[in-house]
Amino acid sequence: MGATVAIIGRPNVGKSTLFNRLVGKRLALVDDTPGVTRDRRPGEARLGDLRFTIIDTAGLEDADSASLEGRMRKQTEEAISEADAVLFVIDARAGVTPLDSHFAAVARKTTTPVILLANKAEGKAGMSGLYEAFSLGLGEPIAISAEHGEGLADLYDALLPHVERVEEEEQAATEEAKTDLDVDEDGELLDEDEPVGTLKRPLRVAIVGRPNAGKSTLINTLLGEDRMLTGPEAGITRDSISVDWEWREHHIKLFDTAGIRRKARVQEKLEKLSVADALRAIKFAEVVVVTLDATNAFEKQDLQIIDLVAREGRALVIAINKWDLIEDREAAWKLIKDANERYLNQIRGVQIVTLSGIQGQGVDRMLESVFTAYEAWNSRVSTAKLNRWLEKVTVNHAPPAVAGRRVRLRYMTQAKTRPPHFVAFASRPEQLPESYTRYLVNSLRQTFNIHGTPIRFSYRKGDNPYAVKKKRKIQ
């Protein structure tokens with residue numbers, strides 16, 4: 001995911017010029033007329049070896065919230081709350097204006113780190129404005145010229161600790177979520193010989209999602225009792241709670257979790273612990289149901305949660321909750337399918353079910369999908385079938401030639417399940433483009449019906465290892 005950095009400031013101080021400079025493309029419109037940028041625009045930024053998401057925002061206007069300018073200001077405020085760091089830009093040639101001072105007071109109240117930039121500071125014309133910027137109380141200003149690329153080394157030094165902090169937090173969260181699935185949440189060893197869904201080995205299902213997506217209401221409906229506190233306020237559930245339950249003679253251990261928010265929005269210590277607990281539930285789950293709000297599905301945070309589940313290698317089902325609130329269901333379903341095609345390439349074919357947690361509609365279909373996803377998660381394909389498939393797909397679409405030499409895929413096997421992990425032996429695997437790996441993974445899914453689970457695919461250099469053994473035996 002990486003760090004997110006928002007650019008803010010009053011209109012016409014050069015925010016979009018800075019955005020284009022960091023992205024390396026002219027993605028944002030630039031004009032001398034104030035207010036050209038109206039929406040938040042994200043881009044993938046590069047500054048030296050730093051990689052982060054940069055968000056261009058509308059100029060901060062001191063306007064009524066009902067007006068267009070007020071709504072633009074609200075978008076900017078949301079960008080600040082979601083960012084890991086903020087670049088506050090002023091025009092050094094114009095000096096500090098009353099509007100700069102007004103919004104600097106707003107910026108000082110935020111818990112998000114703020115870096116003050118005095119733009120258009122090339123030459124002597126911007127020196128007085130640079131010194132005035134100290135009066136804003138946002139620390140030492142950095143003199144830059146977004147148009148001419150000056151001062152970017154100083155900007156790099158200021159951004160470095162914030163980008164590194166986010167990367168370290170994400171790495172720590174990933175390490176925390178890694179586990180050996182042979183133990184339960186109490187640290188007890190599981191009996192691998194026991195079939196899943198029995199009393200001794202219940203299927204472990206975590207229900208996760210953004211705050212107020214209806215997770216606890218859904219569990220109350222499944223259990224037929226008010227085991228979880230619910231309400232319209234986001235964030236009522238604080239702990240990860242496990243409940244033993246039976247559905248159609250299948251034993252299931254359900255994990256209800258606190259809603260997962262963006263790190264930048266996790267302010268209270270209690271809420272930080274709640275997020276860590278939700279990650280722990282994912283870590284011990286075998287199947288994860290990501291609950292989305294039908295009235296506002298596939299938000300950025302939804303996609304980040306789905307990505308986390310995929311990276312942790314868990315089977316996945318997407319539940320579109322609150323479907324009873326949707327009037328035009330045909331149009332809503334089309335939008336969901338389009339979003340699925342656009343955003344969920346890493347888990348193609350994932351099962352999406354619509355339901356109403358409060359009314360109990362669709363919950364049986366959701367649980368059927370849970371067991372289907374679990375079967376896919378445990379998929380094993382024989383080596384003989386894999387190599388027949390490999391021969392066919394490489395004939396239909398041969399690996400690309402690099403420097404006039406074609407990469408040869410010689411042999412393939414499945415290394416493990418949960419999730420399925422395939423290993424291909426190739427002559428020069430480092431030269432295979434990522435697009436070709438995606439082609440192989442998508443073909444694997446389609447051919448062997450492995451949907452609703454991540455697929456791990458790796459390469460090893462060398463010949464068929466079994467062929468080597470065979471040669472030695474003959475000798």
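**Exercise 1.** Determine which side chains meet in the salt bridge of Asp244, and state how exposed each partner is.

*Solution.* The side chain of Asp244 meets that of Lys253 at 3.0 Å, N to O, where a salt bridge requires a side-chain nitrogen of Lys or Arg within 4 Å of a carboxyl oxygen of Asp or Glu. Asp244 is exposed, with a relative accessible area of 56%, whereas Lys253, at 14%, counts as buried; buried means under 20% relative accessible area, exposed over 50%, and partly exposed in between, with a 1.4 Å probe and protein chains only. This is a predicted model, in which local features need pLDDT of at least 70 and side-chain atom pairs count only at pLDDT 80 or more, while totals for chains, interfaces and linings use all residues. Residues are numbered from 1 along each chain as its sequence is written, and side-chain values use heavy atoms, with hydrogens and water left out.

**Exercise 2.** Locate the partners of the salt bridge between Asp100 and Arg10, and classify their burial.

*Solution.* The closest N and O atoms of Asp100 and Arg10 are 3.2 Å apart. The pair links distant parts of the chain, 90 residues apart, with Asp100 in helix H3 (residues 98-109) and Arg10 in the loop between strand E1 (4-8) and H1; helices (H or I, at least four residues) and strands (E, at least two) are DSSP runs, numbered from the N terminus. Asp100 is buried at a relative accessible area of 1%, and Arg10 is buried at 14%.

**Exercise 3.** Explain why helix H1 is described as largely enclosed.

*Solution.* Seven of the nine residues of H1 (residues 15-23) are buried, so the rest of the structure largely encloses this helix; among the buried residues are Leu18, Phe19 and Leu22.
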